[in-house]
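Work through the following exercises with the coordinates open beside you. Each task is followed by a solution that goes step by step.

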Amino acid sequence: MNADKIFKQFSSVMAFSAIGIMILIVFVLVTQSAPVWQEFGLDFAFGSDWNPVEGRESYGVRPYIYGTLITSFLALLLAVPISIGIAIFLSELAPPIIREPLSFIVELLAAVPSVIYGLWGLFIFRFYIRDYIEEPVINSLGDTIPIFSGIPFGLDLFTAGIILAVMIIPTISSVAREVIYAVPATQKEAAYALGATRWEMMRTSVFNYAKSGLFGACVLGLGRAVGETMAVTMVIGNTIGAQALPESLFQPGQSMASIIANEFNEADPGSLHPSALIGVGLILFFFALIIQLFSLYLRERSLKVGEVLD
Amino acid sequence: MSNIKLKTESLNAMFNGQKAVDDVNLEFPKNTITALIGPSGCGKSTLIRTMNRMHELTPATDATVEGKVVLDNKNIYDSDVDPTLIRRRVGMVFQKPNPFPTMSIFDNVVAGLKLNGLRDKTKLREICESSLKGVALWDEVKEDLDKSGTSISGGQQQRLCIARTIAVQPEVILLDEPCSALDPISTSKIEQLLTELKKQYTIIIVTHNMQQAARVADTTAFMYLGKLIEVGKTQKLFENPKEEMTENYITGKFG
Amino acid sequence: MTEQNELERLTQRNAAKRKLINNLFIFFCGFCTLIAIIPLGSILFEVVKNGYPAISWEFLTARPGAIGSAEGGIGPAIQGTLIIIALTTLLGVPFGVVSGIYLAEFGDSKFAKTVRIVNDMLTEFPSIVIGIFAYYIVTIVLIGSFSAFGGAFALAIIMLPVVARTTEESLRLVPNGLRESAAALGIRKWRYTWSVVISAARRGMVNGIMLSVARITGETAPLIMTILGSQWFFSSFFGPIDALPLRIWRLSLLPYEYARIQGWGAALVLITIVLTLNIIVKYVTRSKVRT
Ligand SMILES: Nc1ncnc2c1ncn2[C@@H]1O[C@H](COP(=O)(O)OP(=O)(O)OP(=O)(O)O)[C@@H](O)[C@H]1O
Ligand SMILES: [Mg+2]
C-alpha cells in the first residue's frame, strides 16, 4: 500500500471519530439509563414524581420536559424578532463602517461563558425582572391570567427564558445573516425596481426567498436553548417533582439540563438516581436530535430555492 | 411641452469615488428606443442604474451620483424626491430573468401593484391579464397563473419580468441586456415586443449585440470608459460613425 | 390613461404611509441591535465593577480558604483551567485537524457528507449530555475517579467538530492551482498536503483552534461530572481538579458575601481570558474580510 493510500485511510479513520462518538453516546445513554426504564417504564418519561430517597425512589421527567420547553419557547418568542431585526440591520441597513464592529459585538454575546450569564442573572438581572416586570404584571394580571400569577421572586421560568433569549440571539442572528446574504442581489433589485421601500423589499424578496432558511436559523436557536445548562440552572429556581410542574411563568421550575447539573454529583451510585439522571440526558438528547435534524432540513431546503434560478 | 421624456445633465456616477460614468449628457425622446452600446465595463449598466436611482443601492460599495437626471422637467436627484416613487415610474428589467421564485405567475405580475396599495382583486386580475397580453405571454400561461414564476422557460420568465414592470404603468423602461441569457427565438420575441411597447413607453436598452441595436433602436449611443463617445440615429451611427473609436468598435476591432 | 391616473393617485396617497412603515422598520431593526448590546454591556460592567475589588495577588494564587471564611483565592481553579485547556488541545486538535484535512481533501463522498452532518450536530449538542458520556467512559470505566483527563475528554469532544470545520474551511480557501502544481511536480499527495496546503492555510487553522479554545474555556456543565472540582492545587491527572467556571458556579451557591465577591473575581478572570482570545482571533482574521 502506498503512502497516499495510508494518508487517506488514516485521515478517514480520524474523521470517523465524530460518528463513532455519536454512536457511543447513544449506546452509553441507553445502556446506563436502562435500569430506570426497566423499573418505571414509560412512567419515567411521563410521571411527575421525583424522589431519590432510598426505599421511596420514584422518578418522572415530565415537569422538567415542560420546564425545558417553556423556557426555550419563551426564549424563542423574544429572540426571534430581535435576532431577525439584528440580521437585517447588520446586512442591509447599517452604514458600512459600523457593520463590522457591531457584528463583532453581537458575536461576543455568544462568547460570554454560560456560567457568567448565570452569575449575572442570579445577582443582577433577576432583581430588574422582579421589580420591573414581575411585580407590575402579577399585580395587574396575576388574578385573571393564571400564567401571570405567583410571587415576584426573579428566580423562575420567566427569568430563565429571558436569559436564554439573550444567549441565543447571536446564534439566530448570525445564521439569519448568512441566509439573508445568500439571497441573490437580483432578487432584491427586482423588488426595488418595482418601487419597493426597504421594508417592502424585505417582505417580497428576502422573506419569501429565505423563509425556510430563517426558520432553520430559529430552530437552531431552539436547539441551543434546549441544551443550555449553567445559566438556566442558576436562575430557574430548582424545584423538583410535582412542584416543578409549571402553572405560571413566575414560578420556580427545573429544566432537563438543570436537574442533571444540580443532582449529578449527589446521586448515590448504589441507587437508581444516576440512572434516572442519565435517562433525563437521553430524553434531552432525543429532543436535541430532532430539533437539529429539523433545522438542518430547513436550511438545506432554503439553499435549494436558489437552485431554481440557475 | 418638449418631447424629451428623460435626460441626463453632466452626469457622473462613482463607486468609492472612482468614476464609472463620466460627464454624460444624453436625451431620451418620448416613445423611442435608445440603445446603449460599448465594451464591457464601460459603464452602460451604471448609467442606466442612475436613471431610476438604483445605483445608490449597490451593495458593499459607496455608490454616489453627481449631476442631474431630469424626468419630465424634474431632477430625480433633488432632495425632495422619493426614490421609491421614481422607481415605479422608471421600470427596470435585468440581464438574468429574476421572477420571485416563491410567488405564482399571477403574484409576480401584480407584486408591484400590491406594493403601491392596489388591493382590488378584479382590478389586479384585469391588469395582470393586460400586462401579460402586453408581453404576448397571456396565451402561453393563462391556464397556469398559479404556478411558480420559475416554472416557465427562461424566455417566458424574462417576458414575465417585463410584464411585472409594465404592470405598475411606468413611463420609462430600462432594460439591461435583457436577451443575453436567452435563445434566439425568445430574443426575437422580446425584440418584437419592444417595438410594440415603445408606442406607450420610452425605452432604453443596454445591449452587446449590435444587430439587436440596429433592429430595435431609433437612437444608439456608444460609450467608452465611462464617457459618452457618440450618439445618433441608429442607422447613421452604424453606417457612418463620426468618431473613429465608434467605428473601431462596431467593426469589431476591439471590445 | 384613466387607469394610469388611478394608480398614480393611489401611489401618491399611500406614499407617506409606506414611508412611515419603512422608517418604523428601520428603527425597529436598529433598536433590536441596541437591545442585544445592552446585556453585553451590563455583564461586562458588572463583572468588572464587582470582580475588580476581589483581584489581588493572593486571590489569583492562593488556595481557597475554609468554607465560610473570607480568605484564600482561586489559584487551583486558574491552574486547573490551564491544565485542562492544554490537555484538551492535545487531545482534540489532532483529531479535529486530521478530520478537517480529510473533509477538505477527500470530502466529496457520502461518508464525508455524513461526517460533516455529524460534526455539525456534535457542535450544537447539549454539552451536559457530552458530560454524561465522558463521565461514564472516563470517570467510571477508564480511570475510576474524577480526573483532569475526564474533563479534557469531554471538552475535546466539544472542540473536535469546531476545529474540523474551521480546518476544512481554511483548506478549501487554498487555491487548487497550488495543489495541482505540486502534484505536477510528482510530489505525493500526503507530502504536498502537509508541506504546501497546510502551510498556506495555517493562519485560518490557528484561528479556528483559538476560537475552539475560547469556546471550551467557559464550558462548565461537562466538568461537573468529570473533574468534580477541588480545593487543592494539581497533583495528578487521575484525580479531581478545579476549574474556573466550575469554581464560579460553586461559589455562587454559597450563602456568604465573600463567596459572592470571589465569584465575581473569578468571573472577571474567566471573561478576560475568553474575550482576549476572541479579540486576538478577530484581530488576526481582520484582513480576511468577506466579499
Ligand atoms: N459594485 C461595484 N463596485 C465597484 N465598481 C464597480 C461595481 N460595479 C461596476 N463597477 C465598475 O464600474 C465600471 C462600469 O461597470 P458597468 O457594470 O456599468 O459596465 P457595463 O458597461 O455594464 O459592463 P458589461 O457590459 O460587462 O455589463 C467598471 O469599471 C466596473 O469595474
Ligand atoms: Mg452591464
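A salt bridge is counted here when a side-chain nitrogen of Lys or Arg lies within 4 Å of a carboxyl oxygen of Asp or Glu. The model is predicted, so that local features need pLDDT of at least 70 and side-chain atom pairs count only at pLDDT 80 or more, whereas totals for chains, interfaces and linings use all residues. Residues are numbered from 1 along each chain as its sequence is written, chains are lettered from A and ligands numbered from 1 in the order in which they are written, and side-chain values use heavy atoms, with hydrogens and water left out.

**Exercise 1. Determine which residue forms a salt bridge with Lys227(B), and place both partners in the chain.**

Step 1. The partner is Asp22(B), and the closest N and O atoms of the pair are 2.8 Å apart.

Step 2. Lys227(B) belongs to strand E10 of chain B and Asp22(B) to strand E2 (residues 18–29) of chain B, so the contact ties together parts that are 205 residues apart in sequence. Strands (E, at least two residues) and helices (H or I, at least four) are DSSP runs, numbered from the N terminus.

Step 3. For the accessibility classes, buried means under 20% relative accessible area, exposed over 50%, and partly exposed in between, with a 1.4 Å probe and protein chains only. Lys227(B) is partly exposed because its relative accessibility is 42%, whereas Asp22(B), at 18%, counts as buried.

**Exercise 2. Describe how strand E9 (residues 219–224) of chain B is enclosed and paired.**

Step 1. Of the 6 residues of E9(B), 5 are buried, so the strand is largely enclosed by the rest of the structure.

Step 2. Two strands pair if DSSP finds at least two bridges between them. Strand E3 (residues 33–37) of chain B runs parallel to E9(B) and is joined to it by 4 bridges, with Thr34(B) having Thr219(B) as its bridge partner.

Step 3. Strand E10 (residues 227–233) of chain B pairs with E9(B) in the antiparallel sense over 6 bridges, and here Tyr224(B) stands opposite Lys227(B). The two strands form a hairpin with 2 residues between them, and Leu225(B) in the turn has a positive phi of about 50°.

**Exercise 3. Explain why helix H3 (residues 105–115) of chain B is described as largely enclosed, and examine what comes just after H3(B).**

Step 1. The description holds because 9 of the 11 residues of the helix are buried; among them are Ile105(B), Phe106(B) and Leu115(B).

Step 2. Just after H3(B), Gly117(B) takes a positive phi of about 95°.

**Exercise 4. Identify the residues of the positive patch on the surface, and state which helix gives the most to it.**

Step 1. A patch is made of residues with over 30% relative accessible area and no salt bridge, like charges being joined within 9 Å and nonpolar side chains (Val, Leu, Ile, Met, Phe, Trp, Tyr) within 5 Å. Lys and Arg count as positive and Asp and Glu as negative, while His and the chain ends are not counted; the place of a charge is NZ of Lys, CZ of Arg, CG of Asp or CD of Glu.

Step 2. The patch gathers Arg203(A), Arg119(B), Arg9(C), Arg13(C) and Lys17(C), and helix H1 (residues 2–51) of chain C gives the most, with 3 residues.

Step 3. Arg203(A) is found in helix H8 (residues 198–227) of chain A and counts as partly exposed because its relative accessibility is 36%.

Technical notes:
Accessible areas come from the Shrake-Rupley method with a 1.4 Å probe; for residues, only the protein chains shown count as cover.
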